[in-house]
Every structure is written in structure tokens, then in C-alpha cells.
Amino acid sequence: MQNVMERYQTFRQVVDDITLMNNRFMNKVFDGNIPATQRMLRVILKNDKIKVCKVSVQQWLQNLYGHSAQLDILAEDENGTQFNVEIQRSDEGASVQRARFYCGALDMHFLDRGKKYEALPDAYVIFITESDVFKEGRPIYNVERSINESGKAFGDGSHIVYVNAACQDDTPLGRLMQDFNCSNPAKMHYKELADTVNYFKSTKEGEIDMTDIIEAYAENKAAKAAEEMAHQRNVEVAKDMLADNMSIESVARYSKLSEEEVRALAAKQSA
């Protein structure tokens, strides 16, 4: 019985602490959720005329001859404009090359065979990043193509947006980022988001829907623990090898640690 209670307490702790910056939870909240998606896009793009007509999550854009793309959120408005929203907690996942690729993937997917290029819908690729990727202290970065010689907009209909989730000031966008980082729906600003988050955190049906997220969390936690144990074994091996006066290069090669880490261990042992 105690084990069952402990597992449930762990489950509840994860549910209580999780926020929309968790990719899997964000997918749960926005899947088919037109009001929440519409509110998010209106705030980010400063356009209250956006009317979302459909939204899906984890949409695969298949490329038979190269890299495919799996989109966190894919939405469409009544004008056919496509919106791809991605949560990225590491700077590497929000590289400018990835933004370029996703723009291309949207174009390839939504231009039907036989259609003219002019039929391409406008497309937005939006990255919500945990930190300030460009390190300029801005809450948002709007990227548009322009003609170098004149500075005029190129006007091809592609748009890339980076939202800095670390900027949580008292503006509509700042309050949205507060909501993305908030674990308590009662303290969220936007009702469209708060209502759905509350469903998953406070109802029995929501708890059941969250089971796969908790299982993934447990698997990830177990994998990290195993990785840490393996690393610690490698550290002990390196210490023994250093004690036998083996070279830094040899220790790094056989212990599977970096030379930098081995040098740090050597410095500690000789101190």
C-alpha cells in the first residue's frame, strides 16, 4: 500500500509542478484547442483578427527524400495561413537553420501538385524558447526577409518569430510567458489557457489523460539516473588510473571522460 501511495504522491508532484514549457504537456493543452491556440497567436503576433479554424499537435511533415519534421503545434486560420509553434528548452533546438528548414517543410507540405507558387499560403514558424537565444534582451524577435539594397520587404509570406519565455514583464506577451511558466492555473492570466490546464491538473479525467506524460517523465528520470551512475563509475576508474600516473590522454580514452574533466580530477588529486 505504501508503494502505491508513494507512486501516487510522485504522480501528483509532477502534475502539480508541470508547466506549458514542458513539450508533452503543451501538446496536451493545445491539441484541438482552438480558443487557447487563437489567444496565444493573437498575443504573440499582436493581431486580434486571427481566427483559428483548426489545430493539431505532433504533426508529421514527411519528406521521402530527406529529413522529415514533427511539429509541436500546427494551426490554420480562416485565410489558410499556417502557424507552426515550437517549444524549445535548449538553444540548440531553436537554431536558425532549424527555423529555415521548418519554413521549407511547411511550403513543401501545403503547395499541392499542379498549383502555382503564388498559391502558397503565408506561414509562421514560432519558437518559444526558455532563454534569450539571441542574447539581446528582447522579449520577441521577428525575422522577415528584405531586399538588401533598398531595405524593402521581400514579401514572400514566410515569417519566423522567436519568443523569449524568460521575459515575463507586465505586457500582454509578458503575461503570456508568465502563464507558460506557471504551474498553478489559478494564477494564470489568460482564461483560455487556465481552463484547460486546470482540467488536466484538477479533474479525474485530466489525471488519466496525464498518465503518459508521467510515464515518460519516470522513464526520463530513470535514464538520467542510470547515466549518472555510469558517469560516476567512469570517474572512479579515472581516479584509479591517475593514481597510477597514467597520462591525461590515456585516462580520457579508457574512462570515456573528456580530457577537460580528467584534468580537473587530476588537479583535485594533486591539491
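Hi everyone, let me start in the middle of the sheet, with strand 6. From this strand, S158, I160, Y162 and N164 point one way, while H159, V161 and V163 point the other way, and all of them are buried. Before I go on, please keep in mind that this is a predicted model. That alternation is what you would expect, because in a regular strand the side chains alternate between the two faces of the sheet. How many residues of strand 6 are buried? Seven of its seven, so to speak a mostly covered strand.

Now, who are the neighbours of strand 6? Strand 4 is joined to strand 6 by seven bridges, and the two run parallel. If you want a pair to click on, I126 stands opposite V161 in strand 6. Strand 5 also pairs with strand 6, this time in the antiparallel sense and over four bridges. There, the bridge partner of I140 is V163 in strand 6. As a reminder, strands of a sheet pair through backbone hydrogen bonds, either parallel or antiparallel.

Let's zoom out to the sheet itself. It is an open sheet of six strands with mixed pairing, and the order is 1-2-3-4-6-5. Which strands sit at the edges? Those are strand 1, residues 52-61, and strand 5, residues 140-143, each of which pairs on one side only. On average, neighbouring strands of this sheet are turned by 20° against each other, with direction ignored. Elsewhere in the order, strand 2 (residues 69-77) and strand 3 (residues 82-88) pair in the antiparallel sense over four bridges. In that pair, I73 stands opposite V85 in strand 3.

Next, please find helix 3, residues 34-45. This helix lies across strand 1, strand 2, strand 3, strand 4, strand 5 and strand 6, and runs at about 90° to strand 1. Helix 3 is mostly covered, with nine of its twelve residues buried. The buried ones are A36, T37, Q38, M40, L41, R42, V43, I44 and L45. For those of you who like a geometry check, helix 3 reaches 16 Å from its first C-alpha to its last, close to the 16 Å expected at 1.5 Å a residue.

The same check works on helix 6, residues 191-202. Its twelve residues should span 16 Å at 1.5 Å a residue, and the end C-alpha atoms are 15 Å apart, which agrees. Buried in helix 6 are L193, A194, T196, V197, F200 and K201. When you look at that list, remember that an α-helix has 3.6 residues a turn, so residues three or four places apart point the same way.

On to a helix pair. The axes of helix 9 (residues 248-255) and helix 10 (residues 259-270) come within 9 Å and cross at roughly 115°. The crossing is right-handed. Which residues make the contact? Helix 9 brings I248, E249, V251, A252 and S255, and helix 10 brings E259, V262, R263 and A266. By type, the contact residues divide into five nonpolar, one polar and three charged.

One last stop, and then I'll take questions. L111 is found in the loop between helix 4 (96-110) and strand 4. Leaving aside neighbours within four places in sequence, L111 is in contact with K116, Y117, A119 and L120. By comparison, the C-alpha atoms of L111 and D48 are separated by 27 Å, and these residues are 63 apart along the chain. Thanks for listening!

Technical notes. Residues numbered from 1 in each chain as written. Predicted model: local features only at pLDDT ≥ 70, side-chain atom pairs only at ≥ 80, totals over all residues. Heavy atoms only, no water. Pairing = 2+ DSSP bridges. Axes fitted to C-alpha atoms, helices over the stretch in contact; angles between N-to-C directions. Contact = heavy atoms within 4.5 Å. Expected span 1.5 Å × (residues − 1). Buried < 20%, exposed > 50% of the residue type's maximum accessible area, 1.4 Å probe, protein only. Left-handed = near helix turned anticlockwise from the far one by under 90°. Nonpolar A, V, L, I, M, F, W, Y, C, P; charged D, E, K, R; others polar.
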